[in-house]
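Open the model in your viewer and get your selection tool ready. We will go from stop to stop, picking a few residues each time.

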Amino acid sequence: MLFEVWAPQADDRVTLWLEGVEHPMEPVERAEDRPGWWRAEAEATDGARYGFALDGGHVLPDPRSRRQPEGPDGMSAVVDQSAYQWAHEWAGRGLRGAVVYELHVGTYTREGTLDAAAGRLGELAELGITHIELMPLCPFPGVHGWGYEGVSLWAVHEPYGGPEALKRFVDTAHGHGLGVVLDVVHNHLGPSGNYLPAFGPYFTETHHTPWGSAVNLDAPGSDEVRAYLLGSALAWLRDYRLDGLRLDAVHALADTRALPFLEELSAAVDALSGELERPLFLVAESDLNDPRTTTPRGMCGLGLHAQWNDDFHHALHTALTGESQGYYADFAAAPLAAVARTLTHGFFHDGTYSSFRGRTHGRPLDLTTTAAHRFLGYAQTHDQIGNRALGDRLSALLSPGLLACAATLVLTGPFTPMLFMGEEWGARTPWQFFTDHTDPELAEAVRNGRRREFAAHGWAADDIPDPQSALTRERSCLDRTEREREPHARLLAWHRALIALRHTQPDLTDPDLAAVNVAYDEGARWLAYRRGDLRIAVNLAKEPAAIPLGGSGVGRVLAAWEPVRPPGADGLLRLPPESCVVLADG
């Protein structure tokens, strides 16, 4: 088989180390047709360990390693991608009409493996979920972590089960009719086990990010770095039959080239979609509120297919909780007005002043060309829970009725809805920040950094969970016994009912943001909106609300958290406290 590596940092020689052969150290020849590349042919079987030594130095893992059996610091292993026998044919599943479920493999089950998670996929299909969004799977130090400190961007974290387990997971998901999306991180790599700088200019001092030197997208050598990232992205979609990728914090990609990396990536993914004859999509996490992120390339956009909508989350969170710290301050003065604005305009900040940033922020969407499903709407995510001091979910802050209201706004709103694992039953388990760094100095730095961060907000150091403690991860694992108890069982049934409505009522997947009509009363804490022939109303107050829906044509209750009658002749909907309802005309 062919072993090749881009190693322009090597001065004189590159050597291939390969286990199980008579002469394990084989010289590698320069590739005459590709500057900086080295190639060697050698016999190797699936699972054979190998690595590269540059100029007589230590043997290092392959930057394009498909498997790291001993973790980021160990040797790479050969993977025969053709060995797995797929059980299910799959025509793909696009994003329009989707209900997405964000899942962290290490805490979705106590076992913390892909195989254990795959065993639970039937529950999600029965709930009405259409796509599983897996948090990052690339190898990282230790056993447990969020995954955002990964390295080896072509490999699967071995404690999760490695590459074969991911194929089994995807195959099982497709058997249940579920698409699979993977969260990938291109804006930085973890500090431990990252050997890329030894091979070439993967990073540049031209730009700096919160994680240090930027990934090199525009400095000398960036053509090959881009090819590395593009190749990794396409490999996930092709070799593992994934349906899409979520791109972490694309606003942190420092890129000044005329052809942005994200545009190049979207073009490559669209080309692969045509080749494979199934839909593929890219979902960006972006803090820019820039419509160009999802504007088609032919209209001078980047051509990504969707993006997370944090503005909707922040508006909803402040309306539900009353919190006003940090970035919530921009939304807290009139939270229902903020929710209404996001439901009708996508962004809250679309060229408006942000007190949190101290400047104007964002740009307006063109509502005539931007489909609502290109935005993901959510009440909770891994970030918005795990980056709180105690990792507390909304269920620790709100009544079951308000949790039902949150679900209603997410699942009947115009955006592609996304749930964070356990949200569907109001899980009370926290989801905390945890790591498993094997470097003691790095572990202590992360621990102290976390404590300093929250000390600035008045938290005592001893109150902040230790990221390195095994108990922090264990507390974050879901407790499935909750599903059978109240109020969790009732919340689960409510989510199931709302998702069923989303799948059966075409008005709920209408892509026209301009067609969403919203009314609200900030003081009385109610909000109602119309989507085609459907009316949705939520009462966040502790008192009953009389909501003027107008006329007498609203005749049917499709779903209600508390018993409620349709509006009478006076056109008033009388909605109980902390309650919600979906009604239909006629």
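The tour below visits a pocket, three helix pairs and two backbone details.

Before you start, keep in mind that this is a predicted model.

**Stop 1: the second largest pocket**

Select L2, Y50, D62, R64 and R66, which lie nearest the centre of the second largest pocket. They are part of a lining of 17 residues, and the space inside comes to about 370 Å³. Now colour strand β1, residues 2-6. With three residues, β1 gives the most to this lining. If you colour the lining by class, you should find nine nonpolar, two polar and six charged residues.

**Stop 2: helices α8 and α10**

Next, show α8 (residues 310-321) together with α10 (residues 335-345). Their axes are 8 Å apart and the packing angle is about 150°. Angles over 145 degrees count as roughly antiparallel, so that is how α8 and α10 run relative to each other. The crossing of α8 past α10 is left-handed.

To see the contact, pick D311, F312, A315, L316, T318 and A319 on the α8 side, then P335, L336, A338, V339, T342 and L343 on the α10 side. By class, this contact of α8 with α10 has nine nonpolar residues, two polar and one charged.

**Stop 3: helices α8 and α12**

Keep α8 on screen and add α12, residues 400-411. Here the axes lie 11 Å apart, and the helices pack at about 155°. α8 and α12 are therefore roughly antiparallel as well, but α8 passes α12 in a right-handed crossing.

Which residues make the contact between α8 and α12? On α8, select F312, L316 and L320; on α12, select L402, A406, L409 and V410. The class count for α8 with α12 is seven nonpolar, no polar and no charged residues. Look back at F312 and L316 while they are highlighted: both also take part in the contact with α10.

**Stop 4: helices α12 and α15**

Leave α12 visible and bring in α15, residues 488-504. The two axes come within 10 Å and cross at roughly 15°. Are α12 and α15 roughly parallel or roughly antiparallel? Angles under 35 degrees count as roughly parallel, so α12 and α15 are roughly parallel. Their crossing is right-handed.

For the contact, choose P400, L403, A404, A407, T408 and L411 from α12, and L491, W494, H495, L498, I499 and R502 from α15. Sorted by class, the contact of α12 with α15 holds nine nonpolar, two polar and one charged residue.

**Stop 5: a cis peptide bond**

Move to the loop between α14 (470-476) and α15, where P487 sits. Show the backbone of E486 and P487: the peptide bond from E486 to P487 is cis, with omega near 5°.

**Stop 6: a positive phi**

Finally, go to the loop between β13 (244-247) and α7 (261-276), and select A249 there. What is the phi of A249? The value is positive, about 40°, although A249 is not a glycine.

Notes:
Residues are numbered from 1 along each chain as its sequence is written. This is a predicted model: local features need pLDDT of at least 70, side-chain atom pairs count only at pLDDT 80 or more; totals for chains, interfaces and linings use all residues. Side-chain values use heavy atoms; hydrogens and water are left out. On a 1 Å grid over the protein atoms alone, a cavity is a set of points where a 1.4 Å probe fits but cannot get out, and a pocket is an open set with protein on both sides within 12 Å along at least five of seven lines; lining residues have an atom within 4 Å of a point. Grid points are joined across faces, edges and corners, and a volume is the space filled by probe spheres set on the points. Helices (H or I, at least four residues) and strands (E, at least two) are DSSP runs, numbered from the N terminus. Ala, Val, Leu, Ile, Met, Phe, Trp, Tyr, Cys and Pro count as nonpolar, Asp, Glu, Lys and Arg as charged, and the others, Gly among them, as polar. Axes are lines fitted to C-alpha atoms, for helices over the stretch in contact, and angles run from 0 to 180 degrees between N-to-C directions. Angles under 35 degrees count as roughly parallel, over 145 as roughly antiparallel, 65 to 115 as roughly perpendicular and the rest as oblique. A crossing is left-handed if the near helix is turned anticlockwise from the far one by less than a right angle, and right-handed if clockwise. Contact means heavy atoms within 4.5 Å.
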